[in-house]
Amino acid sequence: MKLYQEDAETAVIGAICMDGSSLMEVADIIRPESFYVARYRAIFNAVVELDEQGQEVEIISIGDYLEKRDPNINWLAVLAEMSKNCPSTRNIKAYAIIVDEYYQLRTLYSAGSSVMEVCVDPDISVTDKVAAAQESILSLGSG
């Protein structure tokens, strides 16, 4: 099972490149770590940082910001391609919800893997295993 939806991640970034004000529609839904694709995570992080600095969030400023940090990538071309492939800025919230749902699934999967590791550790008591599993699952809601 694939634990990310690259088209939704692309659409969120593309929509923000086309209309930086759309960031406000998704700022309470997703964070940089919500993105599975590392390049998209870096782009969204740049968007958030630009916004926090009070700078204009648009394709040129995002590309410039990223190229100063990693000049080996033609960020403007990457962003232009993502913008071109974005179906609509109107649906950015729906795209962000999809990105967030997959992030939650990855987090749940990771928690499950941690629980399995604890379960097979012979040096941990059953009581401690149950406590660790409960803690792992309960921490998902606080994320």
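Which residues in α1 meet which residues in α3? In this predicted model, E6, E9, T10, V12, I13 and I16 are the α1 residues of the contact, and their partners in α3 are Y40, I43, F44 and V47. Sorted by class, this contact has 7 nonpolar, 1 polar and 2 charged residues. Two packed helices are described by the angle between their axes and the distance between the axes. For α1 and α3, the axes cross at roughly 30° and come within 11 Å. Angles under 35 degrees count as roughly parallel, and α1 and α3 are therefore described as roughly parallel to each other. Their crossing is left-handed.

Helix α3 spans residues 38-52, and it also packs with helix α4, residues 59-69. Here the angle is about 110°, and the axes are 10 Å apart. The range from 65 to 115 degrees counts as roughly perpendicular, so α3 and α4 are placed in that group. The crossing of α3 with α4 is right-handed. On the α3 side, the contact is made by A42, I43, A46, V47, E49 and L50. On the α4 side, S61, I62, Y65 and L66 take part. By class, the contact of α3 with α4 has 8 nonpolar, 1 polar and 1 charged residues. Readers following the structure may notice some familiar names: I43 and V47 appear in the contact with α4, and I43 and V47 also appear in the contact with α1.

Helix α4 itself can be looked at residue by residue. Its buried residues are S61, I62, G63, Y65 and L66. These buried residues pack against α1 (6-18), α3 and α5 (75-84). An α-helix has 3.6 residues a turn, so residues three or four places apart point the same way. At the start of α4, E58 makes a polar link to the backbone: one of its side-chain oxygens reaches to within 2.9 Å of the backbone nitrogen of I60.

The next pair to consider is α1 and α5. The two helices pack at an angle of about 105°, and their axes are 7 Å apart. That angle makes α1 roughly perpendicular to α5. From α1, the residues in contact are E9, T10, I13, G14, C17 and M18, and from α5 they are L79, M82 and S83. This contact divides into 5 nonpolar, 3 polar and 1 charged residues. E9, T10 and I13 of α1 meet α5, and E9, T10 and I13 are also among the α1 residues that meet α3.

Within helix α5 lies V78. Is V78 buried or exposed? Its relative accessibility is 18%, and buried means under 20%, so V78 counts as buried. Leaving aside residues up to four places away in sequence, V78 touches R39, I43 and I73. V78 and G63 are 15 residues apart along the chain, and their C-alpha atoms are separated by 8.6 Å. G63 is itself one of the buried residues of α4.

Beyond α5, the chain runs through a loop that leads to α6 (92-119), and S88 lies in this loop. With a relative accessibility of 13%, S88 counts as buried. The side chain of S88 reaches the backbone nitrogen of R90 at 3.0 Å. When residues up to four places away in sequence are not counted, S88 touches A15 and Y95.

Conventions
Residues are numbered from 1 along each chain as its sequence is written. This is a predicted model: local features need pLDDT of at least 70, side-chain atom pairs count only at pLDDT 80 or more; totals for chains, interfaces and linings use all residues. Side-chain values use heavy atoms; hydrogens and water are left out. Axes are lines fitted to C-alpha atoms, for helices over the stretch in contact, and angles run from 0 to 180 degrees between N-to-C directions. Helices (H or I, at least four residues) and strands (E, at least two) are DSSP runs, numbered from the N terminus. Angles under 35 degrees count as roughly parallel, over 145 as roughly antiparallel, 65 to 115 as roughly perpendicular and the rest as oblique. A crossing is left-handed if the near helix is turned anticlockwise from the far one by less than a right angle, and right-handed if clockwise. Contact means heavy atoms within 4.5 Å. Ala, Val, Leu, Ile, Met, Phe, Trp, Tyr, Cys and Pro count as nonpolar, Asp, Glu, Lys and Arg as charged, and the others, Gly among them, as polar. Buried means under 20% relative accessible area, exposed over 50%, partly exposed in between (1.4 Å probe, protein chains only). A polar contact is a pair of N or O atoms within 3.5 Å; within protein, one must be able to donate a hydrogen and the other to accept it, and residues adjacent in sequence count only if both atoms are side-chain atoms.
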